[in-house]
Amino acid sequence: GSNLMSKVFSANKPILAINNNLTKSDKDEQLGFMYLFEGAMLGIRNPKAHDETVQKDPELTLHYLTFASLLCKIVDNSKKNI
């Protein structure tokens, strides 16, 4: 969920770092993607997992898949900091 995303992509000591996390811009990017991952959990995943919903708009479905693909690419390119 969103708490896990907050922990994993934290700007301070991320478990998955998406950049070198040295400059203010690096930290901003890390924080921004943390919020995107949290938002994906809260705004996309949770409503569909906890409520009975039917995705009727094929174009919106493609947008969700494109966004999920971006997030997967970010994870694939991240560096593990454990």
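**Exercise 1. State the order of helices and strands along the sequence, and how many of each there are.**

Step 1. Read along the sequence, the elements of this predicted model follow the pattern α-β-α-α-β. Helices (H or I, at least four residues) and strands (E, at least two) are DSSP runs, numbered from the N terminus.

Step 2. The protein accordingly has three helices and two strands.

Step 3. Two conventions apply. Residues are numbered from 1 along each chain as its sequence is written. As the model is predicted, local features need pLDDT of at least 70, side-chain atom pairs count only at pLDDT 80 or more, and totals for chains, interfaces and linings use all residues, while side-chain values use heavy atoms, with hydrogens and water left out.

**Exercise 2. Compare the span of helix α3 with its expected span, and identify the residue that caps its N-terminal end.**

Step 1. Helix α3 covers residues 58-77, which is 20 residues.

Step 2. The expected span of a helix is 1.5 Å times one less than its number of residues. For α3 this gives 28 Å, and the distance of 29 Å from its first C-alpha to its last is close to that value.

Step 3. The N-terminal cap of α3 is Asp57, with a side-chain oxygen 3.0 Å from the backbone nitrogen of Glu59.

**Exercise 3. Determine whether Ala11 is buried or exposed, and describe its surroundings.**

Step 1. Ala11 is found in the loop between α1 (2-8) and β1 (16-17).

Step 2. The relative accessible area of Ala11 is 14%, so Ala11 is buried. Buried means under 20% relative accessible area, exposed over 50%, and partly exposed in between (1.4 Å probe, protein chains only).

Step 3. Beyond its neighbours within four places in sequence, Ala11 is in contact (heavy atoms within 4.5 Å) with Asn21, Lys27, Gln30 and Leu31.

**Exercise 4. Locate Asn21 and describe how its side chain meets Ala11.**

Step 1. Asn21 lies in the loop between β1 and α2 (24-50).

Step 2. Asn21 is buried, because its relative accessible area is 13%.

Step 3. A polar atom of the Asn21 side chain lies 3.1 Å from the backbone oxygen of Ala11.

Step 4. Not counting residues up to four places away in sequence, Asn21 touches Ala11 and also Asn12, Pro14, Asp26, Lys27 and Gln30.

**Exercise 5. Describe the protein as a whole: its extent and its buried share.**

Step 1. Along its principal axes, the C-alpha trace spans about 45 × 20 × 20 Å.

Step 2. Of the 82 residues, 28% count as buried.

Conventions:
Polar contact = N/O pair within 3.5 Å; in protein donor to acceptor, adjacent residues only side chain to side chain.
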